[in-house]
Amino acid sequence: MKYTYKIIGLDCANCAKKIEDYLNKDERFQDVVLNFSTSKLTYETNISNSFDLINEIVNKLEPGAKLIKTKEKTKKEYSVSLVIIALLFFCLGNYLDLKFNYILVIISYLMLLYKPFKKALLMLIKSHTINENLLIVISCIGAYLIGSKMEGVMVVTLYLIGKILEEKAINRTRRSIEDLVLIKQDYANLKENDKLKKISVESVLIGDILGVKKGEKVPVDGIVVEGLTNMNTSSITGESELLKVKENDLVYSGYINTGDLIYIKATKKYENSMVFKILELVENASNRKASVETNVSRLSRVYTPIILVLAILTYIFLPIIGKVSYEESLYRALTFLVISCPCAIAISVPLSYFTGLGVSSKKGILIKGSNYLDNLSKLNKIIFDKTGTLTTGELTVSSLKILDDKYDENELINIIVSGELLSNHPIASSIIKLKKTKEKALKVSDFKEIEGMGITYKIDDMKVMVGNSKLCNCKIDTDIHININNKHVASLILTDEIKENTKDVIDYLKENKVETFMFTGDKKEKALKLGNSLNLDKVYYEMLPTDKFSMYEKVSKDNEIIAYVGDGVNDAPVLKRATIGISMGALGSDAAISVSDIVIMNDNLKSIEEGIKISKYTNFIIKENLIGALSVKILILILSIFGYASMWLAVLADTGLTVLCILNTLRIIVKFKKEK
């Protein structure tokens with residue numbers, strides 16, 4: 001069975017990764033995923049009482065961490081009030097002339113060191129590893145023993161303040177992702193005997209008629225069968241403009257009804273609906289990690305032990321090689337420990353990616369992992385499908401060429417439209433729009449639809465054929481031909497309009513030195529015309545799905561990052577094969593969405609440009625944080641060894657760096673909140 005529990009008490013993404021790796025090696029558990037961004041642990045097992053067993057393992061690996069039922073309330077890991085009270089005790093003991101003032105100082109130390117000491121001790125006993133908590137404890141106690149009481153208390157105080165801010169920053173980013181859970185409607189209003197009955201959204205069946213009241217979310221994907229209203233689609237598409245829907249319009253789960261009651265016919269069960277897909281994508285988003293994140297995670301496992309050894313060596317050898325007392329050497333070693341705490345580096349990378357993924361989700365760009373977010377800014381090539389991707393996918397008749405003077409335009413249009421009214425083919429709806437007059441449709445008989453070719457029918461003594469050149473036995477290279485009584489009388493030219501912003505997006509990609517391609521099954525003339533109008537670098541036409549896959553292999557090179565953008569079932573193999581598969585979510589097929597790495601919910605290609613900008617800015621912030629933190633730490637490490645950096649400076653630098661990295665990371669939210 002599959003289980004999902006909330007996990008609390010995790011300090012960092014590295015801790016989560018360690019637990020996940022350990023459990024995946026345990027044969028009793030399968031498909032273990034610990035998502036640090038949503039604080040959820042998911043796994044499969046046949047063990048009946050796995051909750052207690054998993055809790056025991058988790059607490060052993062990461063003391064203080066534990067599973068809770070999802071409905072239980074989580075407690076804050078660090079308390080501001082505790083820090084304030086402890087500082088009050090310290091001030092009373094340190095500055096007032098009291099009989100037992102040293103006891104007050106010791107109490108303040110105990111209050112401040114309790115959490116770090118407990119974590120360090122449990123980690124040492126249970127998993128035989130050490131982390132920054134031990135560095136802080138040693139530094140603080142050491143400072144007290146050599147008479148630097150104020151510096152010692154400030155070490156742990158500022159460390160705890162940094163942890164409180166870190167916790168708030170992570171929770172804020174986590175909430176931005178978890179807020180998406182609110183797009184789910186927990187119930188549906190099932191119509192039975194002209195009355196609405198509340199049922200769980202998971203109980204909805206295909207074909208059920210559901211009522212959606214004002215202010216309610218659409219529970220499952222469906223088609224409007226009655227009513228007219230405006231829908232708020234921002235939670236799905238990221239678009240703020242209301243969408244007007246009427247009978248026969250498709251609506252997705254998560255849309256919010258802002259107007260009158262409407263009735264929809266369910267076309268999908270909840271587990272196949274848009275909301276479920278979004279929640280699944282978002283919850284799994286941080287499971288695939290970028291290379292930077294993985295490297296930082298690996299480094300952190302050996303970082304703390306190395307620093308502790310270096311501090312010990314500093315204490316032992318500094319008096320031997322220099323004119324320094326052992327007391328002064330101890331002070332410098334303790335300062336070395338303080339500045340070496342890896343908090344700023346450990347938090348900046350995962351927090352930046354969480355933030356970038358959260359911002360992307362808010363804009364209707366669902367990215368399945370930080371590795372894909374990272375790679376977006378490094379694109380070498382991007383390949384577009386044509387229909388439904390570069391173009392709207394809605395064909396329109398651009399011209400009607402009449403070849404027989406016997407028929408005037410309105411008469412011929414009425415003959416064509418009268419037959420097309422009986423067809424369910426997508427092209428039929430485009431041809432029907434040709435008719436502008438109000439005259440009645442003609443009586444049609446012997447109607448036949450020939451798959452892949454067109455339609456035939458009779459109107460009085462006329463035998464009409466509307467279809468491709470194969471059906472009409474015509475050598476003229478246009479889209480649709482009309483034969484009446486076996487005579488070619490007219491031709492229709494269909495166009496698929498270019499999507500809004502497409503040209504701007506292509507220009508942006510070319511400015512950023514990304515090579516652009518188009519793969520299409522369309523005819524050469526049309527494909528080249530479209531490619532030239534968009535200034536694409538290369539166009540490949542008259543392609544079958546297998547041709548697209550083989551051509552991808554030809555245009556791709558080792559170590560290149562290539563994105564493929566598509567929306568249909570025939571795009572699924574290439575979407576899966578590409579370095580980054582991008583599907584157009586709102587109109588895209590289920591197959592395309594399931595195998596893609598990024599889903600564009602609003603079908604606007606401008607979102608690809610936005611995604612690249614978010615990726616570039618996220619990587620820029622990460623570089624700023626890493627370079628800034630490492631530079632300052634190395635500088636003060638060197639100064640501390642030679643006695644030019646006090647513990648005060650080390651404390652302020654370490655905690656200050658952590659706070660600055662957190663605040664700097666939050667610039668991602670601020671920047672893209674403005675760019676709506």
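Student: How do strands β5 and β6 pair, parallel or antiparallel?

Tutor: Keep in mind that this is a predicted model. Strand β5, residues 187–192, pairs with β6 in the antiparallel sense, over six bridges. To pick out one of them, start at Y187: its bridge partner in β6 is S200.

Student: And which sheet has antiparallel pairing and takes in those two strands?

Tutor: An open sheet of six strands, in the order β6-β5-β7-β13-β8-β11. The pairing is antiparallel.

Student: Which strands are at the edges?

Tutor: β6 (195–200) and β11 (250–251), since each of them pairs on one side only.

Student: Let's move to helices. How do the axes of α5 and α10 cross?

Tutor: Helix α5 covers residues 132–145 and helix α10 covers 326–340; their axes come within 9 Å and cross at roughly 145°. The crossing of α5 past α10 is left-handed.

Student: Which residues make the contact?

Tutor: On α5, look at L135, I138, S139, G142 and A143; on α10, at L334, L337 and V338. Sorted by class, the contact between α5 and α10 has six nonpolar residues, two polar ones and no charged ones.

Student: Now for charges. What should I look for in general when side chains pair?

Tutor: Side chains of opposite charge can pair when their charged atoms come close. In this model the count comes to 15 salt bridges. One of them joins R28 and D26, at 2.7 Å from N to O.

Student: Are R28 and D26 buried or partly exposed?

Tutor: They split. R28 is partly exposed, with a relative accessible area of 41%. D26 counts as buried because its relative accessibility is 13%, and the cut-off for buried is under 20%.

Student: Which salt bridge links distant parts of the chain?

Tutor: Try D385 and K548, whose closest N and O atoms are 3.0 Å apart. D385 lies in strand β15 (residues 381–385) and K548 in helix α19 (residues 545–555), 163 residues apart. Both D385 and K548 are buried.

Student: What about D537 and K510, where do they lie?

Tutor: Their side chains meet in a salt bridge of 2.5 Å, N to O. D537 is in the loop between α18 (524–534) and β23 (538–540), while K510 is in helix α17 (residues 502–511), so the pair ties together parts 27 residues apart in sequence. D537 counts as partly exposed at 37% relative accessibility, and K510 counts as partly exposed at 25%.

Student: Which residues are linked in a network of salt bridges?

Tutor: K606, E609 and K613 are linked that way.

Terms used
Residues numbered from 1 in each chain as written. Predicted model: local features only at pLDDT ≥ 70, side-chain atom pairs only at ≥ 80, totals over all residues. Heavy atoms only, no water. Axes fitted to C-alpha atoms, helices over the stretch in contact; angles between N-to-C directions. Helix = DSSP H or I, 4+ residues; strand = E, 2+ residues; numbered from the N terminus. Left-handed = near helix turned anticlockwise from the far one by under 90°. Contact = heavy atoms within 4.5 Å. Nonpolar A, V, L, I, M, F, W, Y, C, P; charged D, E, K, R; others polar. Pairing = 2+ DSSP bridges. Salt bridge = Lys/Arg side-chain N within 4 Å of Asp/Glu carboxyl O. Buried < 20%, exposed > 50% of the residue type's maximum accessible area, 1.4 Å probe, protein only.
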